Every structure is written in C-alpha cells, then in structure tokens.
Amino acid sequence: LLDFLDQHPFSFTSLIQRSLEFAVSYVFTDAGEGIVFERFIVQCMNLIKMIVKNYAYKPSKNIEDSSPETLEAHKIKTAFFTYPTLMEICRRLVTHYFLLTNEELTMWEEDPEGFTVEETGGDSWKYSLRPCTEVLFIDIFHEYNQTLTPVLLEMVHGLQGSTNVEDTNAILIKDAVYNAVGLAAYELFDSVDFDQWFKNQLLAELQVSHNRYKPIRRRVIWLIGQWISVKFKSDLRPMLYEAIRNLLQDQDLVVSISNVLITHLFYDFEFRTDQFLPYLESMFTLLFQLLQEVTECDTKMHVLHVLSCVIERVNMQIRPYVGCLVQYLPLLWKQSEEHNMLRCAILTTLIHLVQGLGTDSKNLYPFLLPVIQLSTDVSQPPHVYLLEDGLELWLVTLENSPCLTPELLRIFQNMSALLELSSENLKNCFKIINAYIFLSSSEFLQMYAAGLCRSFCELLEDITTEGQVQVLKVVENVLKVNPVLGPQMFQPLLPSVFRGIIDGERYPVVMSTYLGIMGRVLLQNASFFSLFLSQMACELGQELDQILSNMIEMWVDRMDNITQPERRKLSALALLSLLPSLNSVIQDKFCGIINISVEGLHDVMTEDPETGTYKDCMLMSYFEEPKVTEDEEPPTEQDKRKKMV
C-alpha cells in the first residue's frame with residue numbers, strides 16, 4: 001500500500017479517505033487497544049505521514065495552476081483532518097507515543113551512554129517507533145500549525161513550575177511535551193517567548209538535582225539546543241554556560257549537552273567569544289575529564305567534536321588549557337585502532353589543535369607526523385576512512401610549521417601514489433605541495449622535483465581544465481621561489497606550455513597561467529629562456545626568430561585573458577625585458593609591447609591621497625605588519641612566507 005501511494009499518488013486518491021480512517025482509528029483511538037503491535041503502528045504512521053506530506057496532493061498558491069486530481073485529493077484530506085481529529089492525533093502523539101517507556105528508563109539507568117547513543121543514532125524513521133512518531137508529529141504540525149499551536153501551548157501552560165519528583169507520570173508527560181515544543185521550534189517562533197520561559201522556568205528545572213528529575217534535565221538541555229539557533233537572546237548565553245558547567249559532571253547528560261554546545265558553537269551566528277572566555281578553562285577541563293571517563297566510542301566522538309568546536313571558536317586563546325588533551329590523544333589513538341570513525345574525530349580535533357597552537361604545534365610532531373603518515377598512505381587499509389581528514393591535517397601542519405624537519409620532508413613519499421588516485425582530494429594535494437614549496441623550496445625540490453615533474457606530466461594528459469590550472473600554479477610557485485633552478489627542474493613541462501601559447505590556447509584561464517609561467521622564466525632567468533627558445537625552434541622545425549615573433553604576437557593579442565593585476569604586471573615586465581635587444585623581431589613588436597605596458601601601468605597605479613602623486617599599489621613595504629582585527633584569524637606561518645616571497 002505504501003509503495004502504491006509512493007509510486008502512483010493520483011491512482012491512490014480514491015483510497016485516501018479509507019486509508020486515513022483505517023490508520024487513525026487503530027493508532028489514535030481506543031479501537032487499536034490490545035491488538036496493535038509496533039511494526040503495524042509504524043506502517044500506519046508512515047501511511048498518514050505520506051498522505052499529509054505528499055506534494056501531489058498540495059495545490060499551488062495560485063489555485064488555477066493546480067490539476068483537478070490535486071484539488072480532489074486536497075479536498076479529501078481537508079475534509080478528514082478536522083479540528084477534533086487533529087487535536088486528538090496531536091494529544092495522543094505527545095501524551096502517549098512520546099512517553100518514555102519503562103523499558104527505556106531501565107535501559108537508561110543501566111547503561112546511560114549506550115541508551116543515549118542508541119537513541120540519537122536510532123534506525124531509520126521508517127522502521128522504528130520513536131523516530132517515526134517524532135517525524136509524523138513534525139510533518140502534521142508543519143502542515144496544520146495554525147490549528148495545532150494553541151493545542152500544544154495549552155499543554156505547556158498546564159506544566160508551569162517544577163514537577164513533584166515522586167510523580168513519575170507527571171515527569172514523563174512533561175518530558176513528552178517539552179519534546180514536542182523542541183521538535184516544533186521553527187513553527188512556534190512567533191508563539192513562544194523562549195527567553196522568558198528559559199529565565200523563569202527552564203533554568204530552575206536544570207538546577208533540580210534529584211535523580212528522578214534526570215529525564216527533565218536531559219530534555220531541557222535538548223530543548224535549549226533546539227531553540228538556540230531559532231530564538232535565544234545573546235545576553236542569556238552566560239546563564240546557559242553556567243548551567244551547562246554545573247551539569248557537565250553528569251555522564252548521563254553528556255550526549256545532550258554535547259549536542260547543545262555543538263549547535264551553539266558551530267551554527268549560532270550570535271556566538272561571542274568574550275562571553276564564553278570566562279567559562280573556557282572550567283568547561284574544557286570538565287569536557288576532557290568526560291572524554292576520559294566515557295566508554296562508548298560514539299560518546300567519545302561526541303565529546304571530541306565539542307572540544308574541536310571550542311578550540312576552533314577561541315583559536316589561540318586555547319593554548320594554556322590543551323596540555324592534558326595533547327598528552328591523552330596519543331593513548332586514545334592507540335586504543336581506537338579498530339574504530340576508524342573515532343580516529344576521524346581525533347584527526348578533526350588535531351586539525352583545530354594545530355590551528356590553535358600555531359608554531360607551538362611543532363611539539364606535537366612525534367605523535368602528529370606518524371598519524372599523518374598512516375592516514376595518507378594509500379597502501380594502508382585505514383586510508384579509506386582517514387584520508388580526507390589526514391590530508392587536511394597535513395596541510396594545516398605545514399601551514400603552521402616554523403621550519404621543515406627531516407620527518408616532515410619524509411612524509412611526502414606518500415604523495416606520488418595520492419596523485420595517481422586522481423580523486424576529489426587532488427585539490428588538497430596541490431595545496432600541500434605548494435605549502436612545501438613555500439616552506440623550504442630548495443631542500444624539498446632537490447629531493448622530490450624529478451618525481452613530481454613526472455607525476456605532473458602524466459596528470460596533464462588526463463585531467464580537467466581546472467586540474468590543469470592547479471598543476472600549472474604549482475609550477476608557477478616553484479618559479480617564484482626558485483627562479484634559477486625551477487625552470488631546469490620542471491623543464492619537461494615547459495614545451496607544452498610554450499606550444500599552448502603560440503597555438504593560442506582557447507581557455508582564457510589556462511592561457512593566463514601559461515603566460516604567467518613563461519613570464520617568470522623570461523623575466524627572472526633570461527639565459528635559460530634563450531636556450532629554451534633554441535630548443536623549441538629545433539623541436540618545431542622553425543626559425544628561432546619566427547617562433548619568438550609568434551610568441552610575442554600571441555602574448556600581446558591574448559593579454560586580455562589575464563585578469564589578475566599581478567599577472568598583468570608580470571607579463572608587461574617580462575615583455576619589456578626584451579626591448580634592450582637589437583633583434584629586429586623584437587623591435588618590430590615595439591608598439592604592441594608598449595601598449596600592454598601602459599595598460600599594465602593603468603592596472604597597478606593608484607593616486608596617493610596625501611601627496612597627490614601616483615604610486616604602484618602592488619609594492620609592499622618589508623616592514624608592514626598586517627593589522628588583524630578581533631574577528632580575523634592571525635596570519636599563519638605560511639601567510640608570512642608567501643608575503644616574504
């Protein structure tokens with residue numbers, strides 16, 4: 001029946017009324033008492049949900065645009081879902097199906113971690129009762145929110161103040177109603193003053209420490225997590241931090257608290273570091289203690305995720321507090337040999353740690369570098385899970401490294417196999433290669449230039465245009481930092497670049513990069529360029545003057561392909577460097593070269609408002625220290641190295 005509804009909604013129209021009557025009577029009235037069972041209830045709820053949510057049964061905003069079949073189905077739905085029917089469905093969902101069962105309470109008591117992990121992981125909503133009831137509630141509330149909002153608000157008003165800890169049923173009802181308010185947070189935006197409710201009631205409920213009140217404490221924390229990115233005043237954050245700090249010693253609440261913190265730290269646009277800093281030390285310490293105490297792999301991942309978010313948000317201000325975590329992570333890595341997803345969480349934490357520690361991350365190398373080595377080695381089975389995060393960690397390690405160590409250099413042996421993979425990780429591979437070039441080009445290139453050049457030649461034969469540009473940008477960076485040896489090391493790549501220029505490469509972005517590479521060779525290593533030109537003349541079987549003429553002509557003609565001012569300036573300077581020559585070919589091209597040079601000047605010259613004179617906006621002072629505002633991240637070591645180059 002569900003498949004028929006899914007595949008042929010209009011053919012199902014004549015069955016809508018009877019299907020709804022059947023499902024609702026068994027699941028939401030006394031008719032099902034004593035005869036229904038879980039799988040049957042789940043299927044009935046899925047049937048109601050699919051009818052309520054079916055796009056084929058929803059008329060367009062402009063009724064005339066809707067088909068007669070849609071209007072007919074919508075009419076049947078509207079006639080069935082009257083106010084009394086909707087009210088009964090909503091009440092039963094909340095006060096019957098949302099209630100925690102004795103079995104669930106016992107499971108939570110015996111294994112709090114296992115229970116929360118199972119609950120948050122759960123099966124698909126299609127097959128498991130609790131997720132299924134929650135999804136049905138969300139869909140019905142969304143569809144009929146004007147009718148159901150007053151019903152839910154009436155339930156909330158009946159629960160003011162804290163509940164008697166001896167009254168288990170009242171506690172379970174309150175847990176269920178709070179669950180409903182959390183699930184419907186977006187629909188209730190205009191109807192609930194959450195800030196007042198938090199101050200006047202929810203905060204007090206978090207402070208009730210009785211063991212039997214545990215479900216409410218957990219539910220209130222979860223509820224705040226649902227509302228924090230919907231409607232929660234910035235001024236109330238410190239009160240929330242205080243409450244969370246007091247609850248962090250309770251292992252039973254660890255997943256709920258983790259989810260709130262992740263939502264807040266990661267998705268809340270109103271997060272303010274200054275409000276969080278007074279609680280940073282105590283929260284970080286308590287979270288670290290939890291990380292050691294919890295035993296479930298999923299719970300450890302939750303806590304690590306929170307720690308990562310905290311480190312990412314406060315950045316360098318985390319430094320005084322991470323010593324304990326730094327000492328513990330190697331042990332956790334060893335223990336998690338069989339748990340690749342936990343190892344992924346450790347890698348993410350390490351990424352944020354390295355960014356927070358900056359150059360101090362060098363002290364982590366004895367642990368960090370073997371982790372990167374394993375995660376990015378495609379001959380090791382775990383790379384399937386760890387590669388993406390491993391590459392990210394490798395990159396941030398290089399970006400924050402004060403100098404190149406022999407161990408850091410050795411890891412690059414993993415790269416050739418990674419380039420052969422040609423996967424979606426290629427972009428990060430190129431970033432890593434660039435980071436090595438800026439870190440220590442001579443040591444790095446002496447060891448790996450030949451292999452890298454071979455890999456690039458193979459890649460360029462079978463790669464997208466964007467991929468070609470990425471490869472060529474690496475070569476360009478090599479020429480930037482090492483203009484003497486760079487052209488010799490990557491000479492096998494240069495003929496295809498030269499041919500691309502004189503043949504008039506049709507992709508502007510590729511042509512721009514070709515001209516950037518040739519411009520650097522011509523400007524910074526004129527003797528190599530002369531030898532290279534002779535080599536190309538032999539290869540192409542043409543006169544040297546002829547190919548020089550073709551190159552300059554195409555260069556001048558395609559100057560507009562170059563959009564970046566620094567590349568335009570480079571091209572102008574490169575061609576100007578030819579003018580002192582007495583070669584008649586170059587003298588013939590004098591006008592074209594001067595034209596593009598004047599264009600280049602227009603691109604880079606700006607008027608100095610103080611002196612009224614013009615100056616080159618691309619010249620930077622050696623001693624200028626970039627001003628970093630509070631919201632900006634301070635420059636990494638790599639940013640400084642790039643600036644020096």
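**Entry 1: helix α10**

I started in the middle of the packing: the buried residues of α10 pack against α5, α6 (102–110), α8, α9, α11 (194–206) and α12 (214–227). A note to self before going on: this is a predicted model. I looked up the extent of α10 next, and it covers residues 168–183, 16 residues in total. From first C-alpha to last I get 23 Å, close to the 22 Å expected at 1.5 Å a residue. How many of the residues of α10 are buried? I found 12 of the 16, so α10 is largely enclosed by the rest of the structure. Among the buried ones are Ile171, Leu172, Val177 and Tyr178, and the list also includes Lys174 and Asp175.

**Entry 2: another covered helix**

I checked α27, residues 508–524, in the same way. Its 17 residues should span 24 Å at 1.5 Å a residue, and its end C-alpha atoms are 24 Å apart, so the two agree. I also noted that α27 is mostly covered, with 13 of its 17 residues buried.

**Entry 3: domains and core**

I looked up how the chain is divided: domain 1 takes 1–229 and domain 2 takes 442–644. Between their centres, taken over C-alpha atoms, I have 63 Å.

Then I went to the largest nonpolar core, which holds 210 residues. Which residues touch the most other members of it? They are Phe137, Trp394, Ile433 and Phe456. Helix α23 (residues 426–461) gives the largest share of this core, 17 residues. Both domain 1 (1–229) and domain 2 (442–644) give residues to the core, so it lies between them. The general background I keep in mind is that in soluble globular proteins, nonpolar side chains tend to be buried together.

I picked Phe137 for a closer look. Leaving aside neighbours within four places in sequence, Phe137 is in contact with Cys90, Leu93, Val94, Phe98, Leu152, Ala180, Leu183 and Ala184. Two of these names, Ala180 and Leu183, I had already written down as buried residues of α10.

**Entry 4: aromatic rings**

I find 30 aromatic pairs in the structure. I took Phe81 and Tyr144 as my example: their rings are 5.3 Å apart centre to centre, with 40° between the planes, which makes the pair tilted. Why does this pair tie together separate parts of the sequence? Phe81 lies in the loop between α4 (68–80) and α5 (83–97), while Tyr144 lies in the loop between α8 (129–143) and α9 (145–157), so the pair links parts that are 63 residues apart in sequence. Are Phe81 and Tyr144 buried or exposed? Both are buried.

I also wrote down one aromatic cluster, formed by Tyr178, Phe194, Trp197, Phe198, Trp227 and Phe232. Tyr178 is one of the buried residues of α10.

Next I looked for charges over rings. The charged end of Arg219 sits over the ring of Trp222, 4.8 Å from the ring centre. Lys231 has its charged end over the ring of Phe189, 4.9 Å from the centre.

**Entry 5: single residues**

Arg92 came up in α5. Its C-alpha is 8.9 Å from that of Val27, although 65 residues separate the two in sequence. Not counting neighbours within four places, Arg92 is in contact with Phe28, Thr29, Asp30 and Tyr97.

Gln292 is in helix α15 (residues 273–293). I have Gln292 as partly exposed, at 40% relative accessible area. Setting aside residues up to four places away, Gln292 touches Lys300 and Tyr328. The C-alpha atoms of Gln292 and Leu332 are separated by 8.9 Å, with these positions 40 residues apart along the chain.

Asn315 made me stop, with a positive phi of about 50° although it is not a glycine. For background, most residues other than glycine have a negative phi. Asn315 lies in the loop between α16 (297–314) and α17 (323–335). I count Asn315 as buried because its relative accessibility is 15% and the cut-off for buried is under 20%.

My last stop was Asp545, in helix α29 (residues 544–557). Asp545 is partly exposed, with a relative accessible area of 35%. What does Asp545 touch, not counting residues up to four places away in sequence? I found Asn583 and Val585. Asp545 and Val585 are 6.6 Å apart, C-alpha to C-alpha, and 40 residues apart in sequence.

Notes. Residues numbered from 1 in each chain as written. Predicted model: local features only at pLDDT ≥ 70, side-chain atom pairs only at ≥ 80, totals over all residues. Heavy atoms only, no water. Helix = DSSP H or I, 4+ residues; strand = E, 2+ residues; numbered from the N terminus. Expected span 1.5 Å × (residues − 1). Buried < 20%, exposed > 50% of the residue type's maximum accessible area, 1.4 Å probe, protein only. Domains from an automatic or database assignment. Core = buried A, V, L, I, M, F, W, Y, C linked by side-chain atoms within 4.5 Å. Contact = heavy atoms within 4.5 Å. Phe/Tyr/Trp six-rings, centres within 6.5 Å; stacked < 30°, edge-to-face > 60°. Lys NZ or Arg CZ within 6 Å of the ring centre and 35° of its normal.
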